[in-house]
Amino acid sequence: MIQYFAIALMLVGVYGLLTQKNVIKLIVSLNIFEVGLNVFIISVGYVSGGIAPILTSQNNTSALLYVDPLPQALVLTSIVIGVGVTALALAFARRLHNQYGTYNLDEMEGE
Amino acid sequence: MKQAVSIVLVLLLGAFIFTALYFADSSPLQFKPYGDADLSGRVSQGYVDKNVTADAASEEPAAVVYGETKNAETGSANIVTSVVVNYRSFDTLGEVTVLFVAALGVGLLLSGKRRRQEAAFQPSFILKHGVRIVLGIMVIFGVYLFTHGHLTPGGGFSGGSIIAAAVLLLYVSDNAFKAKVKAFKIAEGVAGSLYVVAGLLGLALGGYFLYNFLPTGVVGDLLSAGIVPIVYILIGLKVGSEISGVIAGFATEEEAL
Amino acid sequence: MSLMDILELVLGIAMVVLGVVAVNAKKKITSVILLSALSMLAVVAFVIMRAPDVAITEAVIGSGLVTGLFVFTLFTKKNEGEDA
């Protein structure tokens with residue numbers, strides 16, 4: 001179920017990237033896209049009835065049914081890279097604002 | 001007009017993704033519907049059984065039992081951690097490098113002699129005094145997360161981020177606060193170099209880069225899993241100081257442009 | 001339809017609606033706060049799909065640090081005149 005909504009969320013992000021003219025809004029759209037993508041990748045590894053891939057004193061043997069740990073490992077790194085990308089983009093936005101006094105891409109072209 | 005065109009484009013993209021995923025012909029590589037993933041066909045089963053490098057085809061692997069199995073391939077009870085820091089550690093080293101380059105870019109773009117920017121809002125009484133209570137708990141929780149990353153959910157990335165969130169709270173709650181950015185840079189550099197040194201030690205002792213050269217111990221013990229907890233602590237320190245440095249760059253501004 | 005299915009349905013619809021509103025919001029700060037709320041719902045989705053490691057990381061980074069960076073960018077003295 002969540003998988004369909006994750007794809008829809010990615011499409012919302014693409015729509016935002018296509019239509020918005022404000023730099024901050026573009027970065028927000030990029031983040032929405034990223035959240036949708038992360039939820040989608042996690043949903044690929046979900047097994048109905050599976051348990052979280054951590055051995056504990058209750059779930060103490062590897063013979064039980066676990067969800068796929070590999071997509072989780074990939075998304076873990078992807079989220080941290082996402083914050084780096086967002087920070088870099090915001091730093092660029094701030095330089096643009098210092099230069100032109102606006103965040104709107106259309107108003108920047110005149111100068 | 002422009003909006004209508006974008007909506008049409010996005011819907012076309014959506015239709016393409018849906019047909020490609022859910023209505024394609026049945027082939028061996030067909031996409032499994034939500035909840036029907038099959039681990040036995042993937043490499044993931046090897047990660048769960050801690051039996052990737054051994055001769056998996058010849059014999060059925062013995063089940064790993066919490067608190068009993070000794071000297072498994074990787075002794076980490078948290079299987080995600082064993083993938084991130086043991087089987088795919090080189091991947092993580094590259095990822096940490098990407099984060100370092102991003103932090104470097106932020107530092108270059110927001111450089112110059114810095115002073116604290118004048119915030120457009122004043123911190124309230126509750127924020128100012130609540131931060132003093134929460135701060136210690138947050139830092140301790142972050143350290144707990146990355147020292148127990150091989151046993152419980154969490155790990156270097158989330159623990160480091162919680163420490164960075166503590167620094168963010170310090171900046172928000174006090175308009176005159178300035179962190180020592182140089183200390184962040186030193187911590188970041190030292191942790192990153194030690195990660196590479198750990199990898200090189202593995203190369204010298206075990207034959208390949210980032211080899212887990214310490215004994216892995218009993219699954220579930222605090223002192224188990226070889227170099228996994230050490231590397232996760234280094235990652236925690238590196239991520240924490242890196243994101244703290246980025247926040248410090250954002251909270252200050254250039255002096256008289 | 002079990003309770004879990006209904007929860008997933010409500011969660012998914014809420015996520016998409018929040019995303020659409022965040023993209024189309026008039027004020028920048030509104031869309032930033034809605035993005036933070038969307039990340040929080042994504043955390044619930046991760047917990048439903050049994051990914052506690054990812055959930056913790058997304059809770060700290062997605063709804064905490066990224067929002068903080070956006071707010072530091074938007075609320076400086078220079079931007080005050082603008083419609084934040």
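# Reading salt bridges, pockets and backbone angles

Guide: A search over all chains of this structure finds two salt bridges. Keep in mind as we go that this is a predicted model.

Visitor: Glad to start there. What lets side chains pair in this way?

Guide: The general idea is simple: side chains of opposite charge can pair when their charged atoms come close. In chain A, the side chains of A:Lys21 and A:Asp106 meet in such a bridge, at 3.7 Å from N to O. This pair ties together distant parts of the chain, since its members are 85 residues apart. A:Lys21 sits in the loop between helix H1 (2–19) and H2, while A:Asp106 belongs to helix H4 (residues 105–108).

Visitor: Are A:Lys21 and A:Asp106 buried, exposed or partly exposed?

Guide: A:Lys21 is partly exposed, with a relative accessible area of 33%. A:Asp106 is partly exposed too, at 42%.

Visitor: And which residues form a salt bridge in chain B?

Guide: There, B:Glu242 pairs with B:Lys238, and their closest N and O atoms are 3.2 Å apart. Both belong to helix H8 of chain B; because they are four residues apart, about one helical turn separates them. B:Glu242 is buried, with a relative accessible area of 1%, and B:Lys238 also counts as buried, at 8%.

Visitor: While we are in chain B, how many helices and strands does it have?

Guide: Chain B has eight helices and two strands. Read from the N terminus, the order is α-α-α-α-β-α-α-α-α-β. Of the 257 residues in this chain, 44% count as buried.

Visitor: Let me turn to empty space. What shows where it is left?

Guide: Rolling a probe the size of a water molecule over the atoms shows where empty space is left. In this model the largest pocket has a volume of about 530 Å³. It is lined by 24 residues, and B:Gly107, B:Val181, B:Lys185, B:Gly245 and B:Gly249 are the closest to its centre.

Visitor: Which helices supply the lining of the largest pocket?

Guide: Helix H4 (89–109), H7 and helix H8 (228–251) of chain B each supply at least two residues. H8(B) gives the most, with six residues. By residue type, the lining of the largest pocket divides into eleven nonpolar, seven polar and six charged.

Visitor: How many cavities of 30 Å³ or more are there?

Guide: The count comes to five cavities of 30 Å³ or more. Let us look at the second largest, with a volume of about 100 Å³. Its lining has 13 residues, and A:Asn31, A:Glu34, C:Glu58, C:Gly62 and C:Val66 lie nearest its centre. The elements giving two or more residues to this lining are helix H2 (23–44) and helix H3 (69–100) of chain A, together with helix H2 (28–48) and helix H3 (52–74) of chain C. The lining residues of this cavity comprise six nonpolar, five polar and two charged.

Visitor: Now the outside. Which residues make a nonpolar surface patch?

Guide: Look at B:Ile186, B:Val190, B:Leu194, B:Val197, B:Leu201 and B:Leu205, which make a nonpolar patch of about 540 Å². Take B:Leu194 as an example: it is found in helix H7 (residues 181–206) of chain B. B:Leu194 is partly exposed, with a relative accessible area of 41%.

Visitor: I would also like to check the backbone. What sign of phi do most residues other than glycine have?

Guide: Most residues other than glycine have a negative phi. B:Leu210 is not a glycine, yet it has a positive phi of about 65°. B:Leu210 lies in the loop between H7 and H8 of chain B and counts as buried, at 6% relative accessibility. Another case is C:Arg50, with a positive phi of about 60° although it is not a glycine. C:Arg50 lies in the loop between H2 and H3 of chain C and is partly exposed, with a relative accessible area of 28%.

Visitor: One last stop: where is A:Tyr46 found?

Guide: A:Tyr46 is found in the loop between H2 and H3 of chain A. At 9% relative accessibility, A:Tyr46 counts as buried. A:Tyr46 and A:Gln72 are 26 residues apart in sequence, and their C-alpha atoms are 9.9 Å apart in space.

Notes: Residues numbered from 1 in each chain as written. Chains lettered and ligands numbered in written order. Predicted model: local features only at pLDDT ≥ 70, side-chain atom pairs only at ≥ 80, totals over all residues. Heavy atoms only, no water. Patch = residues over 30% accessible without salt bridge, like charges linked within 9 Å, V, L, I, M, F, W, Y side chains within 5 Å. Areas by Shrake-Rupley, 256 points an atom, 1.4 Å probe, with all protein chains shown as cover. Salt bridge = Lys/Arg side-chain N within 4 Å of Asp/Glu carboxyl O. Buried < 20%, exposed > 50% of the residue type's maximum accessible area, 1.4 Å probe, protein only. 1 Å grid on protein atoms, 1.4 Å probe; cavity = no way out; pocket = protein on both sides within 12 Å on 5 of 7 lines; lining within 4 Å. Points joined across faces, edges and corners; volume = space filled by probe spheres on them. Nonpolar A, V, L, I, M, F, W, Y, C, P; charged D, E, K, R; others polar.
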